Amino acid sequence: MRIEYNEELRMIKDEILLMSAMTEKMLSDSVLALKSKDNELARSVIDRDDLVDAKEIELQLVVSQVIATQGPVATDLRRLASTYKIITNLERIADLAVNISKRVLELSDVVYMKRLVDIPRACELAEKLLKLAIQAFVHEDITRLREVVDLEDEIDALNIQIHHDCLAYMIDNTKNIHQGSVFIFVGSYLERIGDHATNIFETVFYIVTGDYIDFNDLDEETINRTLELQKRIDEIEKED
């Protein structure tokens with residue numbers, strides 16, 4: 001029974017990796033479409049949302065079936081139940097990529113008021129944060145906690161910068177109000193994507209430690225204590 005359970009858990013992790021890859025590709029393509037004014041690419045991102053939604057439903061059913069048939073308890077139950085939150089956060093990231101793509105279509109006939117720099121940079125950071133969170137889930141490893149916190153802070157700072165820059169252009173020329181508003185929306189979408197990726201890492205933190213902590217409340221002492229805990233876990237696993 002344990003071998004069967006481990007195989008089912010491995011399959012769930014593989015499918016979450018697939019869902020994450022689908023979502024990450026939607027995100028990168030949505031911002032690429034914005035940067036290059038590629039309406040066809042934007043439409044393809046919107047079309048792919050149905051595939052992610054279907055994968056979410058499929059995974060929820062699989063996890064529910066494993067819980068019902070295997071009767072996991074303690075850490076195993078915590079591990080399986082937590083996958084629901086990870087799946088939901090991935091689906092919401094895909095929805096936000098769709099929102100970005102819809103904004104691309106809004107600006108199809110507009111000459112941009114400035115070259116896009118901060119938005120693609122925020123996208124790169126969000127992709128990196130998502131990859132870190134998913135790898136943390138796959139390996140149940142929270143040693144990159146500090147990097148996750150720093151990345152989220154960088155995305156938040158870029159969102160503020162995007163907001164301020166767009167307001168300046170809008171004030172300078174009222175013709176920029178529409179596209180400036182769109183770029184502000186895109187910045188906020190990317191900030192929320194960073195939040196969802198961080199939520200995934202918070203879920204991994206819960207799986208590993210049994211404690212749920214809002215990373216907005218993290219201080220240096222908590223980070224150091226967490227990294228020490230992960231180090232001890234790694235040492236115990238090596239001994240086994």
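Just after helix H2, Gly71 adopts a positive phi of about 55 degrees. This feature belongs to a predicted model, and the report moves from helix H2 to the whole chain, its core and one buried arginine.

**Helix H2**

Helix H2 covers residues 39–70. Its 32 residues reach 47 Å from the first C-alpha to the last, close to the 46 Å expected at 1.5 Å a residue. At the N-terminal end, H2 is capped by Asp38, which places a side-chain oxygen 3.2 Å from the backbone nitrogen of Glu40. The description of H2 thus runs from the cap at Asp38 to the positive phi of Gly71 just after the helix.

**The chain as a whole**

The protein contains 7 helices and 0 strands, and its pattern along the sequence reads α-α-α-α-α-α-α. Buried residues make up 48% of the 240 in the protein. Among contacts with a separation of 6 or more, 82% are between residues 24 or more positions apart. The exposed area of the protein is about 12100 Å², of which carbon and sulfur atoms supply 52%.

**The largest nonpolar core**

In soluble globular proteins, nonpolar side chains tend to be buried together. The largest nonpolar core here has 70 residues, and the members touching the most others are Ile16, Leu34, Phe183 and Leu190. Two or more residues of this core come from each of helices H1 (2–36), H2 (39–70), H3 (74–106), H4 (118–139), H5 (145–172) and H6 (177–209). H6 gives the largest share, 14 residues.

Leu34 illustrates how such a member is surrounded. Leaving out residues up to four places away in sequence, Leu34 touches Val104, Leu107, Tyr112, Leu116, Ile119, Phe183 and Val186.

**Arg103**

Arg103 is a residue of helix H3. Is Arg103 buried or exposed? Arg103 counts as buried because its relative accessibility is 18%, under the 20% cut-off. Its side chain takes part in the polar contacts tabulated below.

| Side chains joined | Polar contact |
|---|---|
| Arg103 and Glu106 | 2.6 Å |
| Arg103 and Tyr189 | 3.0 Å |

Tyr189 also appears among the residues in contact with Arg103 once neighbours within four places in sequence are set aside; the others are Val182, Phe185 and Val186. Val186 is likewise touched by Leu34. Arg103 therefore counts as buried at 18% relative accessibility, while its side chain is joined by polar contacts to those of Glu106 and Tyr189.

Key. Residues are numbered from 1 along each chain as its sequence is written. This is a predicted model: local features need pLDDT of at least 70, side-chain atom pairs count only at pLDDT 80 or more; totals for chains, interfaces and linings use all residues. Side-chain values use heavy atoms; hydrogens and water are left out. A nonpolar core is a set of buried Ala, Val, Leu, Ile, Met, Phe, Trp, Tyr and Cys residues joined through side-chain atoms within 4.5 Å. Buried means under 20% relative accessible area, exposed over 50%, partly exposed in between (1.4 Å probe, protein chains only). Helices (H or I, at least four residues) and strands (E, at least two) are DSSP runs, numbered from the N terminus. Contact means heavy atoms within 4.5 Å. Accessible areas come from the Shrake-Rupley method with a 1.4 Å probe; for residues, only the protein chains shown count as cover. A polar contact is a pair of N or O atoms within 3.5 Å; within protein, one must be able to donate a hydrogen and the other to accept it, and residues adjacent in sequence count only if both atoms are side-chain atoms. The expected span of a helix is 1.5 Å times one less than its number of residues.
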